[in-house]
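Visitor: I would like to go through this model by its strands, its helices and a few loop residues. Please show it first.

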Amino acid sequence: MSTPFPFTAVVGQDDLRLALLLNAVSPAVGGVLVRGEKGTAKSTAVRALSALLPAVRVVAGCRFSCDPGAPDPACPDGPHEPVAALARPSRMVELPVGASEDRLVGALDIERALAEGVKSFEPGLLAQAHRGILYVDEVNLLHDHLVDLLLDAAAMGASYVEREGVSVRHAARFLLVGTMNPEEGELRPQLLDRFGLTVEVAASREPDQRVEVVRRRLAYDDDPDAFAGRWAAEESAVRARIVAARELLPSVRLGDGALRQIAATCAAFEVDGMRADIVMARTATALAAWAGRTEVLAEDVRQAALLALPHRRRRNPFDAPGLDEDRLDRTLEEFAGDDDGDAGGDGGGGQGDGGDRDGDDDPDPGGGGGGRPDAGEPPGDGGAGGRPEESGDGESVPSGAGERSAVPAAEPFRTKVLSVPGIGEGAAGRRSRARTEQGRTTGARRPRGALTRLHLAATVQAAAPHQRARGRVGPGLVVRRDDLRQARREGREGNLVLFVVDASGSMAARQRMSAVKGAVLSLLLDSYQRRDKVGLVTFRGAAAEVALPPTSSVDAAAARLESLPTGGRTPLAAGLLRAHEVLRVERLRDPARRALVVVVTDGRATGGPEPVALAGRAARLFAAEGVASVVVDCESGPVRLGLAGGLAGELGGTAVTLDELRADAIAGLVRDVRGGASGSGSVVAAASDSVVAAASGSAVASASGRVA
């Protein structure tokens, strides 16, 4: 087994190390989510922590690591008689992103359960992690149903496995640590809330600190054992301090004054629910124990807020986690009490007396800091030039006048659901129909490989005709492997939603571009909720560019959209061809993920010879390949040319206006538009929820006429 990088040799990253140590002192804090750019030693610090945890005593031979002093009465390997215990190092179990549900929670042998009545259970990673660390790298890429199972087990301290009426329960208490790069997509807010603490990390911008990172990393790579030996004394000191803090923790007093500050802080920052209050209380108590105190001070409350609240402040996926520290200080000062246990905190520094951060020169192969990654760069300038074009809003926009500065997006709204027709087999999501491991049962089939989801009725039906030949006696059913049937299930998949946005001069009227950006932002929010990948292609001037390659990070797409300038000619064909190339490359990377192309334009095509004919030929490439598409018609004004509708016909898709895109534009609207000879490129659009507010009568009549 390779020697891990020493925890105390990590450079900087004070908040990260403190959050991990607090969870080591009190696992009830609820784990840590580490957010940050790549190459910041997130994984290194987590793996190094396991070497600091005290050894655990377990029942010999128990696959579920039962404590010999208090064995789990429901342990599948129990009941445990008094036996000799053994001590083993604390484990760090890593959950791969591509793990199956059975790998996480364990697998039941359904064949033996049916034929022999025996509960044969193979423990999963949750059982292995019991009384240790469960580490999930890139937790934001883990399938949602696995994250739900993981967090449920962490909250309840137990894992339940049920298959067709056969159930197994075992203890699963562990320190949960997840790491993620926000550029690759965010966790849903309700999943973020289940992590006790969150830490933002970034590489240090200080040259001296970066030099020290490289120096220590090279020394470790040259001789891991010798490097670890040089840090052995510091490691032993931190290990002893963790043990002492655990022993002190039950004696720490959380006074009424500190509790009042915690409640006031959570209320002031308008966090949802009560989990934040509870996590802050546990964190403040752990901070006091880590500092060797039996009283919680105001500085403990402040540091607990900085670790427990930022990720609970998000109101939509485009909000960056963060906390106004001035407001925090004002709240703590306002509700500072006279309780003996709350005196002495000056509210400053954010460290409390836990400022012994195990050495300020603790390095890490990746840098320190605590800052936030820089915002994405705006898309590059496009070309400009050409004749004036009508904006559609009664405003003439000179194409050759150069680009216009970016305008802010209008307020987003709830959109209709746009889905890809047919049944796919892509990654789990919430947009289009697909054959999945989760969802409603639609049929049965013979299992290919290991049986994961038994279809009980089909299995019994297959076995019933052979009972006499198999010599059945008594009430039991004689089942053979060939009788087993796998349930076929249908759920929802996430798609690749590729936005192709017209940023030319004809879209440059401020009011129109603001509305267009608001519509695209609304669709991005919808994509976030439905677990899609998104991409952004823009066209203006003389060419098109990929403003954002396909990614799971819809907030990155929103940032690119916000900084999008406008101006120049309308190279519609170039935009479509660039989108076609993006889909071709993405199909090679992820062939199971179906695409939905959303073209946002007024349908105009200018620049170059025969621009309209070229755009038509480019559009027919999508129709020929059966790519689902929708055109969001941005044309406005009293005179409309209907060019977007013609483009939708060439694409084999459908067109909707900005008004029709709203979920509440027409009550109960369901549209199923088939395009092309085979209909494979059709797009299904429906109201995403029951309509709360109906549109005005005139708007309904007008929109209904266009839909018909």
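The turns below take up a sheet, two helices packed on it, a helix pair and two loop residues.

Guide: This is a predicted model, in which local features need pLDDT of at least 70 and side-chain atom pairs count only at pLDDT 80 or more, while totals for chains, interfaces and linings use all residues. Residues are numbered from 1 along each chain as its sequence is written, and side-chain values use heavy atoms, without hydrogens and water.

Visitor: Which are the edge strands of the open sheet of 6 strands?
Guide: Strands (E, at least two residues) and helices (H or I, at least four) are DSSP runs numbered from the N terminus, and two strands pair if DSSP finds at least two bridges between them. The order is β19-β18-β17-β20-β21-β22, with mixed pairing. An edge strand here pairs on one side only, which holds for β19 (543-551) and β22 (654-657).

Visitor: In β20, what is the bridge partner of V500?
Guide: Strand β17 (residues 496-502) runs parallel to β20 (residues 595-601), and 6 bridges join them. In β20, V500 is matched with V599.

Visitor: What angle does the direction of helix α20 make with that of β21?
Guide: Axes are lines fitted to C-alpha atoms, for helices over the stretch in contact (heavy atoms within 4.5 Å). Angles run from 0 to 180 degrees between N-to-C directions. Helix α20 (residues 643-651) packs on the sheet and touches β20, β21 (628-633) and β22. Its direction and that of β21 make about 175°.

Visitor: Is helix α1 roughly parallel or roughly perpendicular to α12?
Guide: The axes of α1 (residues 14-25) and α12 (residues 275-290) come within 9 Å and cross at roughly 90°. Angles of 65 to 115 degrees count as roughly perpendicular, under 35 as roughly parallel, over 145 as roughly antiparallel and the rest as oblique. The crossing therefore makes α1 and α12 roughly perpendicular.

Visitor: Which residues of α12 make the contact with α1?
Guide: On the α1 side, L18, L21, L22 and V25 take part. On the α12 side, the residues are T283, A286, L287, A289 and W290.

Visitor: Is S65, with its positive phi, buried or exposed?
Guide: S65 sits in the loop between β2 (56-59) and β3 (85-88), with phi near 55°. Buried means under 20% relative accessible area, exposed over 50% and partly exposed in between (1.4 Å probe, protein chains only). At 2%, S65 is buried.

Visitor: And is E610 buried or exposed?
Guide: E610 lies in the loop between β20 and α19 (611-624), and its phi is positive, near 50°. Its relative accessibility is 55%, so E610 is exposed.
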